[in-house]
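I opened my notebook to record what I looked up, entry by entry, with the terms explained as I met them.

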Amino acid sequence: MTVKAPRPRGRNALLGWLYATPTAVFVVALFLIPLGLVVKMSLSKWPLLTGDQGVNAPENFDKAVNHRFFTDSVIFTVKYTVLATVLLLVLGLGLALLVQESSRWNNLLRASFLIPSALGLASASLLFYVFYSPYASPLKPLMDSWGFTFLGSPNAALFSTTFLIVWRYAGFYMVLMLVGLQGIPADVFEAARSDGATRWQTFWRVTLPLLRPTLALTTVLCVTGSLLAFEQFYILTKGGPDNSTITVVQLIYSVAFQGQNDLGVAAAISVIVLIALVVINALQLRAFRSEES
Amino acid sequence: MAVDSRSTSTVATEEAPASKGVTRSRGMSFYGVALRMPYWVFTGALALIFLAPLLWTAVASFSPHAGTNQTDGWGFGNYETLTNYQAGVWRYLANSAFVSLLCTALTLVISFFGGYAFARFRFPGKNALFLLTLAILMVPYATLLIPLYVLLNEVGLENSLVGVALVLTMFQLPFSTFLMRISFEAVPRELDEAATVDGCSSFGALWRVLLPAVKPGLVTVGLFAFLAAWNDFFAPLILINDTEKMTLPLAVSNLRGQVQGVVDYGATEAGVVVLALPCMVLFLLLQRHYVRGFMSGALKG
């Protein structure tokens, strides 16, 4: 990053700030100030309609942790995150290995796997809302004869939603894995082959270790995304059946805007989620780094 | 994320010649074809799983189904329902287009200047500002939208599409600033230095010399900003509460269960098709940029 500046220093710095001003304005006005405000809200009595009613800390956090769906939603979100992350990483890597060689057929396959990623998450959820419905689904005969519905029981709803997410995101993770795979120099594989390593050995001893930076990035991305899941459950299950599929973000939304209308408590849950996320990501990065050494 | 940047940068160039060699040698022999058959069947079936829901929705939106506006014969009945729903699909399309285009324009301008500043200048607070911009990625959507709802109300942008576009632009900044910074850094410094020596101002050099050089980066940033804004659901859900001002994803989602709790699945399918169409067209037109955006950017830094 240290390159000699040809222009006089002071003027250069001034110009730099000038070009960076729009970025700075957006970051301060729409990121830093809201971040400060959410902390303030979490410490204040703040109903949706009347606004700030003064400090009441730590009542909001107390109410948040003791909310009747708080523990359930945390457990469910973690369960969903583990399921989605494992499936997406394994399938992403599997698809990448499958279409790694470049050929016309493989390019076609890549495009097909990637196409659902162009669809918005809300659109994809709406698509599967119809696809899973007991009335309009093309799989209706199957549901009738086996006597189940895709969103009828807690487990079915979880797996059906996970299928939607895998369908929507597998291609995206495939691309990230492909980038990682292509970053591994070809002569490493040559060397493994000439040493008589089987395909399986090459995969476990060469490919996976060299793929670690990519695996770290995809894990962090996938865990973060899944912990913050909202649209898929909001549209597909509305938290049902029997409130079994409420995620943490859904809880924030419903506390803030549906019924309870308490922005203070919602802000408190948001702050808890933010802290949890920072800690989880720091732990993940540390785990990947320490394995490396 | 320290991926070996030497090898990722060569990816795009290596790919094309390698592919030709592979297909040609395989196409030659009969035994080669027979051996590859199970592979083709397996991968073909896999591809079908990914394509089938999309194709099915497109077909089903035109097909007859009880409980929809298209009960007998094929036709546009479901799309008629969509046209007449509340403020009408045209209104929602216009709202979505407005938000998406404004967000794209703002993202392009801000990240173009920001990327230039971060790549070519040294100024106090530079690293802090860059890290802060990236930190937006670490903060959950919901955590920011709750205070943003309060703040936008305060400055008179409640229930406003401009407000939604501003918020979505902010969420685009980490990716777009990062990508534009590495796009500018990939351009040889001699290029704009020569221009300044020839008497161009820094803005003149940026506009005439650097803009053409970073165009691929701008296309990727613009494409992503447009798709993200077009598809976004959470921000308008929280920030918009007037049916006149809803964006299309919100309107289609609300479309379900309008008539006495009975869901009009046909109209929902039609809505999904209208939502998906621009995404598919953009994706197919710009697929190369889409993948190259990851290739050049995603793992470096």
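I began with pLDDT, which is the predictor's confidence in each residue, from 0 to 100. I noted that this is a predicted model, in which local features need pLDDT of at least 70 and side-chain atom pairs count only at pLDDT 80 or more, while totals for chains, interfaces and linings use all residues. Residues are numbered from 1 along each chain as its sequence is written, and chains are lettered from A and ligands numbered from 1 in the order in which they are written.

**Confidence in chain A.** I found that chain A has an average pLDDT of 88, with 96% of the residues scoring at least 70. Over residues 1-7 of chain A the pLDDT stays under 50, and the model has 5 contacts for them beyond four places in sequence, a contact being two residues whose C-beta atoms, placed from the backbone, lie within 7 Å. I reminded myself that predicted coordinates should not be read in detail where pLDDT is low.

**Asp62(A).** I located Asp62(A) in helix α2 (residues 59-65) of chain A; helices are DSSP runs of H or I with at least four residues, numbered from the N terminus. Is Asp62(A) buried or exposed? I recorded it as partly exposed, because 13 other C-beta atoms lie within 10 Å, where 20 or more would make a residue buried and 12 or fewer exposed, with C-beta atoms placed from the backbone. I also looked up Ser145(A), which is 83 residues from Asp62(A) in sequence and 48 Å from Asp62(A) in space, C-alpha to C-alpha.

Note on methods
Helices (H or I, at least four residues) and strands (E, at least two) are DSSP runs, numbered from the N terminus.
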